[in-house]
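Here are some short exercises to help you find your way around a new structure. Try each task with the model in view, then read through the solution.

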Amino acid sequence: MDLNNLRFTNDNYDHGQANLLTQTAARIIRDTFGKNTFRIGSEEVVAFATDVDEAQLKVLFDQMNQAMVQEHANGSVEFSHRRAHVRVQQQEDIADKAMYEQKLLYRSRHNIG
């Protein structure tokens, strides 16, 4: 996940509002995926869902996205389901590419350069 509008919020409001946005998103992700949630960048989070199939993961993902919209903590979010044994880095690369495609789509829809 990569939060949308975090820089805008920080630049146009204040650090407190940006922190609130980050904390809200983190709470929603943690509530959805539990303690297997990790911050890996300034505004990027990765969550591991174990013992779920791709359909169950999609349900979790949709629930998380709905909560994000309700709480105005929109992010570019995508998931990657491990279908076979792959390296963690390979799995992360797949999800990262999909996430940035979502971010570009978001920016295009909202006319953000």
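How much area does the chain expose, and what share of it do carbon and sulfur atoms supply? The chain exposes about 7800 Å², and carbon and sulfur atoms supply 50% of that. Such areas come from the Shrake-Rupley method with a 1.4 Å probe, and for residues only the protein chains shown count as cover.

Before you go on, note that this is a predicted model, where local features need pLDDT of at least 70, side-chain atom pairs count only at pLDDT 80 or more, and totals for chains, interfaces and linings use all residues. Residues are numbered from 1 along each chain as its sequence is written, and side-chain values use heavy atoms, with hydrogens and water left out.

**Exercise 1. Sketch the chain from end to end.**

Step 1: list the elements. The chain has 4 helices and 4 strands; these are DSSP runs numbered from the N terminus, helices being H or I with at least four residues and strands E with at least two.

Step 2: put them in order. Starting at the N terminus, you should get β-α-α-β-β-α-β-α.

Step 3: check what is hidden. Out of 113 residues, 27% count as buried. Buried means under 20% relative accessible area, exposed means over 50%, and partly exposed lies in between (1.4 Å probe, protein chains only).

Step 4: look at the contacts, meaning heavy atoms within 4.5 Å. Among the contacts with a separation of 6 or more, 54% involve residues 24 or more positions apart.

**Exercise 2. Work out which side of helix α3 faces inward.**

Step 1: get the helix's dimensions. α3 covers residues 54-70, so to speak 17 residues, and spans 24 Å from its first C-alpha to its last, close to the 24 Å expected at 1.5 Å a residue. That expected span is 1.5 Å times one less than the number of residues.

Step 2: pick out the buried residues. They are Leu57, Phe61, Met64 and Met68. They sit on the same side of α3 because they cover an arc of only 65° around the axis, the arc being that of the directions from the helix axis to the C-beta atoms.

Step 3: turn the helix around. On the face turned away from the buried side you'll find the exposed residues Ala55, Gln66, Val69 and Gln70.

Step 4: ask what does the covering. Helix α2 is included in what covers the buried residues of α3.

Step 5: inspect both ends. At the start, a side-chain oxygen of Asp53 comes to within 3.1 Å of the backbone nitrogen of Ala55. Just after α3, His72 has a positive phi of about 55°.

**Exercise 3. Track down the salt bridges.**

Step 1: how many are there? The structure holds 3 salt bridges, each a side-chain nitrogen of Lys or Arg within 4 Å of a carboxyl oxygen of Asp or Glu.

Step 2: take the one in α3. Lys58 pairs with Asp62, with the closest N and O atoms 3.0 Å apart. The two are 4 residues apart in helix α3, so about one helical turn separates them. Lys58 is partly exposed at 38% relative accessibility, and Asp62 is partly exposed at 30%.

Step 3: move to α2. Asp31 pairs with Arg27, and their closest N and O atoms are 3.9 Å apart. These two also lie 4 residues apart, in helix α2, which means about one helical turn between them. Asp31 is exposed at 54% relative accessible area, while Arg27 is partly exposed at 29%.

Step 4: follow Arg27 to its other partner. Arg27 also bridges to Glu71, where the closest N and O atoms are 3.1 Å apart. Since Arg27 lies in helix α2 and Glu71 in the loop between α3 and β4 (75-76), the pair ties together parts 44 residues apart in sequence. Glu71 is partly exposed, at 39% relative accessibility.

**Exercise 4. Compare the surroundings of Thr24 and Lys103.**

Step 1: start with Thr24. This residue is in helix α2 (residues 15-33) and counts as buried at 12% relative accessibility. Leaving out residues up to four places away in sequence, Thr24 touches Glu71 and Ala73.

Step 2: go on to Lys103. You'll find Lys103 in helix α4 (residues 88-109), buried with a relative accessible area of 10%.

Step 3: locate Leu3. Lys103 and Leu3 are 100 residues apart in sequence, yet 9.0 Å apart in space, C-alpha to C-alpha.

Conventions: Polar contact = N/O pair within 3.5 Å; in protein donor to acceptor, adjacent residues only side chain to side chain.
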